[in-house]
Amino acid sequence: MRGAKVLHGVYHDYENFTAFHVGMHRHRPGFRTPVRGLYLAGDWVKLPYPAMLMEAACTSGLLCANAIMAQETLQPEPIFTVPERGLLA
Ligand SMILES: Cc1cc2nc3c(=O)[nH]c(=O)nc-3n(C[C@H](O)[C@H](O)[C@H](O)COP(=O)(O)OP(=O)(O)OC[C@H]3O[C@@H](n4cnc5c(N)ncnc54)[C@H](O)[C@@H]3O)c2cc1C
């Protein structure tokens, strides 16, 4: 319509992001594998934190690095996430 003002728009990008559908969480692999020395990092890895996309990729990488650090008795990196309890949860 000519002259119409757009008040609200929704943009979907179906191709570029990992999609997580209802019920998928339990099927996603964690960062640990049964293979010694093999860890999984990426935004599709199941995490114990509410993180997605880049944050999930980074967090899963930190979990892998920390698991290796623990094997080598080195100090782990702290992992920051959103508060899961309290006012800002
Ligand atoms: C246009 C766009 C905008 C985005 N904006 C945001 C944003 O604002 N905020 C946000 O949080 N996330 C955003 N994302 C999502 C974010 O980029 C991804 O969630 C994140 O990059 C996933 O990281 P990853 O390490 O799991 O995978 P990737 O970053 O995809 O890394 C996988 C790597 O593996 C390589 N690879 C693939 N197959 C092979 C192979 N067979 N052998 C060797 N290497 C291989 C690829 O080349 C790639 O380098 C955006 C994504 C896109 C596409």
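These legends walk through several close-up views of a predicted model.

The model is a prediction, so local features need pLDDT of at least 70 and side-chain atom pairs count only at pLDDT 80 or more, while totals for chains, interfaces and linings use all residues. Residue numbers start from 1 along each chain, following the sequence as written.

**Figure 1. The whole chain, with one helix and zero strands.** Helices here are DSSP runs of H or I with at least four residues, strands are E runs of at least two, and both are numbered from the N terminus. The C-alpha trace spans about 65 × 35 × 20 Å along its principal axes. The radius of gyration is 19 Å, whereas a compact globule of 89 residues would come in near 12 Å. That radius is taken over C-alpha atoms, and the globule rule is 2.2 Å times the number of residues to the power 0.38. Of the 89 residues, 7% count as buried. Buried means 20 or more other C-beta atoms within 10 Å of a residue's own, exposed means 12 or fewer, and partly exposed is in between, with C-beta atoms placed from the backbone. As for contacts between residues at least 6 apart in sequence, 23% join residues at least 24 apart. A contact means that two C-beta atoms, placed from the backbone, lie within 7 Å.

**Figure 2. Helix α1 and its buried face.** The helix has 19 residues and runs 27 Å from its first C-alpha to its last, close to the 27 Å expected at 1.5 Å a residue. The expected span is 1.5 Å times one less than the number of residues. Ala56, Thr59, Ser60 and Leu63 are the buried residues of α1. Look down the axis and these buried residues fall within an arc of 100°, so they line one face of the helix. The arc is that of the directions from the helix axis to the C-beta atoms.

**Figure 3. The shell around the ligand.** Here you'll find Asn16, Phe17, Thr18, Gly42, Asp43, Leu53, Met54, Glu55 and Ala57 around the ligand. A residue makes the list if its C-beta atom, placed from the backbone, lies within 6 Å of the molecule. By type, the shell splits into four nonpolar, three polar and two charged residues. Nonpolar covers Ala, Val, Leu, Ile, Met, Phe, Trp, Tyr, Cys and Pro; charged covers Asp, Glu, Lys and Arg; the others, Gly among them, are polar.

**Figure 4. Two positive phi angles, at Leu53 and Thr73.** Leu53 lies in helix α1, and its phi is near 50°, a positive value in a residue other than glycine. Leu53 counts as exposed because it has 10 other C-beta atoms within 10 Å. Leu53 also turns up among the residues around the ligand. Just after α1 comes Thr73, with a positive phi of about 55°. Thr73 is exposed too, as it has 6 C-beta neighbours inside 10 Å.

**Figure 5. Cys64 on the helix, and what it touches.** Cys64 is found in helix α1. It is partly exposed because 18 other C-beta atoms lie within 10 Å. Not counting residues up to four places away in sequence, Cys64 touches Phe31, Tyr39 and Ala41. Lys5 is another story: Cys64 and Lys5 are 59 residues apart in sequence and 49 Å apart in space, C-alpha to C-alpha.

**Figure 6. Arg32, from the segment before α1.** Arg32 is partly exposed because it has 13 other C-beta atoms within 10 Å. Setting aside neighbours within four places in sequence, Arg32 is in contact with Tyr39 and Ala67. Arg32 and Ala67 are 35 residues apart along the chain, yet their C-alpha atoms are separated by 8.5 Å.

**Figure 7. Ile79, in the segment after α1.** Ile79 has 15 C-beta neighbours inside 10 Å, so it counts as partly exposed. Leaving aside neighbours within four places in sequence, Ile79 is in contact with Thr59 and Leu62. Thr59 is one of the buried residues of α1. From Ile79 to Asn66 it's 13 residues in sequence and 9.5 Å in space, C-alpha to C-alpha.

**Figure 8. Ala89, also in the segment after α1.** Ala89 is exposed because it has 8 C-beta neighbours inside 10 Å. It touches Pro83 and Glu84, not counting residues up to four places away in sequence.
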